[in-house]
Amino acid sequence: WDECQTDAAKCVIKNDIPVLFVQGEYDWQVTMNEGLEAWKDLISQASFVMIPSATHLLTKIDEPTGTQADYQTGDHVCQEAIDALASWIFEQTD
């Protein structure tokens, strides 16, 4: 099985399941056009959150370098990402 052979958008739409997409503003591995913006065009029932100053790992940095140094801060996932996930989970239980 290869995850690249799966049409994730089709699976979400077919199964009518809630989905949360979270992306860091400084994510240089997956650009906004390839990430949040692309998914917005495909899946209307999804929720989308962009975390300012966050990397691909959802850790905060002052300024992106576009190199592995962005991930070597030793930080944990930022509080905004945790709050967004927790809020979304609670919304699903209503």
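**Burial, cores and loop residues in a predicted model**

At a relative accessibility of 16%, Leu-58 counts as buried, because the cut-off for burial is under 20%. The model described here is predicted. Leu-58 is located in the loop between β2 and α3. The backbone of Leu-58 has a positive phi of about 65°, although Leu-58 is not a glycine.

A second residue with this feature is found in the loop that joins β2 (47-51) to α3 (79-92), namely Ser-53. Ser-53 is not a glycine either, and its phi is positive, at about 60°. With a relative accessible area of 21%, Ser-53 is partly exposed; this value is not under 20%, so Ser-53 does not count as buried.

The loop between β2 and α3 also holds Asp-75. Asp-75 counts as partly exposed, at 45% relative accessibility, because exposed would require over 50%. When neighbours within four places in sequence are left aside, Asp-75 is in contact with Thr-59 and Lys-60. Asp-75 and Ile-61 are 14 residues apart along the chain, and their C-alpha atoms are separated by 9.2 Å.

The chain as a whole contains three helices and two strands. Their order along the sequence follows the pattern α-β-α-β-α. The C-alpha trace spans about 40 × 35 × 25 Å along its principal axes. Of the 94 residues in the chain, 27% are buried. The accessible surface comes to about 6500 Å², and carbon and sulfur atoms account for 53% of that area. Among contacts between residues at least 6 apart in sequence, 57% join residues at least 24 apart.

Charged side chains number 4 positive and 17 negative, and the centres of these two sets lie 10 Å apart.

In soluble globular proteins, nonpolar side chains tend to be buried together. In this model, the largest nonpolar core consists of seven residues: Ala-9, Val-12, Val-19, Phe-21, Leu-36, Ile-43 and Ala-46. A second, separate core has five residues, among them Ala-54, Leu-58, Cys-78 and Ala-81. Leu-58, described above for its positive phi, is therefore a buried loop residue that belongs to this second core.

Within the largest core, Ala-9 touches Ile-43, and Ala-9 also touches Trp-39 and Leu-42, with residues up to four places away in sequence not counted. The residue after Ala-9 in the numbering, Lys-10, lies in helix α1 (residues 8-15). Lys-10 counts as exposed, at 55% relative accessibility, because this value is over 50%. Ile-43 is 33 residues from Lys-10 in sequence, and the C-alpha to C-alpha distance between the two is 8.8 Å.

The cysteines were also examined. Cys-78, a member of the second core, is buried, with a relative accessible area of 6%. Cys-11 is partly exposed, with a relative accessible area of 36%. A disulfide is a covalent bond between the sulfur atoms of two cysteines. With a cut-off of 2.5 Å between cysteine sulfur atoms, the number of disulfides in the model is zero.

Note on methods
Residues are numbered from 1 along each chain as its sequence is written. This is a predicted model: local features need pLDDT of at least 70, side-chain atom pairs count only at pLDDT 80 or more; totals for chains, interfaces and linings use all residues. Side-chain values use heavy atoms; hydrogens and water are left out. Helices (H or I, at least four residues) and strands (E, at least two) are DSSP runs, numbered from the N terminus. Buried means under 20% relative accessible area, exposed over 50%, partly exposed in between (1.4 Å probe, protein chains only). Contact means heavy atoms within 4.5 Å. Accessible areas come from the Shrake-Rupley method with a 1.4 Å probe; for residues, only the protein chains shown count as cover. Lys and Arg count as positive and Asp and Glu as negative; His and the chain ends are not counted. The place of a charge is taken as NZ of Lys, CZ of Arg, CG of Asp or CD of Glu. A nonpolar core is a set of buried Ala, Val, Leu, Ile, Met, Phe, Trp, Tyr and Cys residues joined through side-chain atoms within 4.5 Å.
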